[in-house]
Amino acid sequence: MTIQLRSADDIAKMRVAGRLAAEVLELIGQYVVPGVSTQELDKICHDHIVDVQKAIPACLGYRGFPKSVCTSVNQVVCHGIPSDKKILKNGDIINIDVTVIKEGWYGDTSKMYVVGDVAPHAQRLIDISQECLYKAIDMVKPGIRLGDIGHVIQTHAEANYYSVVRDYCGHGIGMEFHEEPQVLHYGKPDTGLVLEEGMTFTIEPMVNLGKPQVKLL
């Protein structure tokens, strides 16, 4: 397993790509309202990435993916495909996942949005998932191991009666969309890869109300 270590200059370029991806998430929030289609959200994101940011939407064409962002509504865990037919309604929750390429570097991020008024159980799921993410990010430094990150996510999720999806994980990122290492969101402390300065990877816990299993549609 070859893991790229980035220089300070590399990381500065990655910060630019990451910032652009975050900007798309900030921009799109106002449009996430009842009655909008996920296709409309995709077009707004696409046009901003291409026309304003002068960047490339990484999802478009990736392994045949037909759209520029992923829109995963309610029970869809990840990689939902935007569609004219998918109209958001009051009470929905949606994850919008944005990856941009700027000067060859990838920035990958996502955010959960609520549509109108959502049920308390849906808001709590979002809140606990975000807490899992922040607890994991707070741990990241040279010398800790990937199992420690997975363990803190799994422990917090399960303490709140949720389960962690096993079939998808975080990943190394840089000048390619998905690189080594795989970053599992469950695990045992003091196991797995030891982190070193210059590693760049995503942490993207996927947390379920019910069982951890998913179906691929």
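Reader: Where is His48 found?
Author: In this predicted model, His48 is found in helix 2.

Reader: Buried or exposed, and what is the value behind that?
Author: His48 counts as buried, because its relative accessibility is 13% and the cut-off for buried is under 20%.

Reader: What is His48 in contact with, if I ignore its neighbours within four places in sequence?
Author: With those neighbours left aside, His48 is in contact with Glu23, Val24, Leu27 and Gln53.

Reader: Glu23 caught my eye, so which helix holds Glu23?
Author: Glu23 lies in helix 1, and with a relative accessible area of 29% it is partly exposed. Leaving aside residues within four places in sequence, Glu23 is in contact with His48 and Gln53.

Reader: And how many residues apart along the chain are Glu23 and Val98?
Author: Glu23 and Val98 are 75 residues apart along the chain, and their C-alpha atoms are separated by 9.8 Å.

Reader: Back to the helices, then: at what angle do helix 1 and helix 2 pack?
Author: Helix 1, residues 8-28, packs with helix 2, residues 38-52, at an angle of about 135°, and the two axes are 10 Å apart. The two helices are therefore oblique to each other. As for handedness, helix 1 passes helix 2 in a right-handed crossing.

Reader: Which residues make that contact?
Author: Helix 1 contributes Glu23, Val24, Leu27 and Ile28, while helix 2 contributes Leu41, Ile44, Cys45, His48 and Ile49. Sorted by class, the contact of helix 1 with helix 2 has seven nonpolar residues, one polar and one charged.

Reader: Staying with helix 2, what span should its 15 residues have?
Author: At 1.5 Å a residue, the 15 residues of helix 2 should span 21 Å, and the end C-alpha atoms are 21 Å apart, which agrees.

Reader: Which residues in helix 2 are buried, and what do they pack against?
Author: The buried residues in helix 2 are Thr38, Gln39, Leu41, Asp42, Cys45, His48 and Ile49. The buried residues of helix 2 pack against helix 1, and also against strand 1, strand 2 and strand 3.

Reader: What comes just after helix 2?
Author: Just after helix 2 there is Lys54, which takes a positive phi of about 55°.

Reader: Which other residues that are not glycine have a positive phi?
Author: Among them is Arg63, with a positive phi of about 50° although it is not a glycine. Arg63 sits in the loop between strand 1, residues 56-57, and strand 2, residues 70-73, and it is exposed, with a relative accessible area of 77%. His79 is another non-glycine residue with a positive phi, in this case of about 65°. The place of His79 is in the loop between strand 2 and strand 3, the latter covering residues 93-102, and His79 is partly exposed, at a relative accessible area of 44%.

Reader: New topic: how do helix 3 and helix 4 pack?
Author: Helix 3 and helix 4 pack at an angle of about 155°, and their axes are 9 Å apart. That angle makes helix 3 roughly antiparallel to helix 4, since angles over 145 degrees count as roughly antiparallel. The crossing of helix 3 and helix 4 is right-handed.

Reader: Which residues are in that contact?
Author: On the helix 3 side they are Ile128, Glu131, Cys132, Lys135, Ala136 and Met139, and on the helix 4 side they are Asp148, Ile149, Val152, Ile153, His156 and Ala157. By class, the contact of helix 3 with helix 4 has eight nonpolar, one polar and three charged residues.

Reader: What do the buried residues of helix 4 pack against?
Author: The buried residues of helix 4 pack against helix 3, residues 120-139, as well as strand 5, residues 163-164, strand 7, and strand 8, residues 207-208. The buried residues themselves are Leu146, Gly147, Asp148, Ile149, Gly150, Ile153, Gln154, His156 and Ala157.

Reader: How far apart are the end C-alpha atoms of helix 4?
Author: The end C-alpha atoms of helix 4, residues 146-159, are 20 Å apart, which agrees with the 20 Å that its 14 residues should span at 1.5 Å a residue. Just after helix 4, Tyr161 takes a positive phi of about 70°.

Reader: Last one, about strand 7: which residue there follows a cis peptide bond?
Author: Pro181 lies in strand 7, residues 179-183, and the peptide bond from Glu180 to Pro181 is cis, with omega near 0°.

Definitions and conventions
Residues are numbered from 1 along each chain as its sequence is written. This is a predicted model: local features need pLDDT of at least 70, side-chain atom pairs count only at pLDDT 80 or more; totals for chains, interfaces and linings use all residues. Side-chain values use heavy atoms; hydrogens and water are left out. Helices (H or I, at least four residues) and strands (E, at least two) are DSSP runs, numbered from the N terminus. Buried means under 20% relative accessible area, exposed over 50%, partly exposed in between (1.4 Å probe, protein chains only). Axes are lines fitted to C-alpha atoms, for helices over the stretch in contact, and angles run from 0 to 180 degrees between N-to-C directions. Angles under 35 degrees count as roughly parallel, over 145 as roughly antiparallel, 65 to 115 as roughly perpendicular and the rest as oblique. A crossing is left-handed if the near helix is turned anticlockwise from the far one by less than a right angle, and right-handed if clockwise. Contact means heavy atoms within 4.5 Å. Ala, Val, Leu, Ile, Met, Phe, Trp, Tyr, Cys and Pro count as nonpolar, Asp, Glu, Lys and Arg as charged, and the others, Gly among them, as polar. The expected span of a helix is 1.5 Å times one less than its number of residues.
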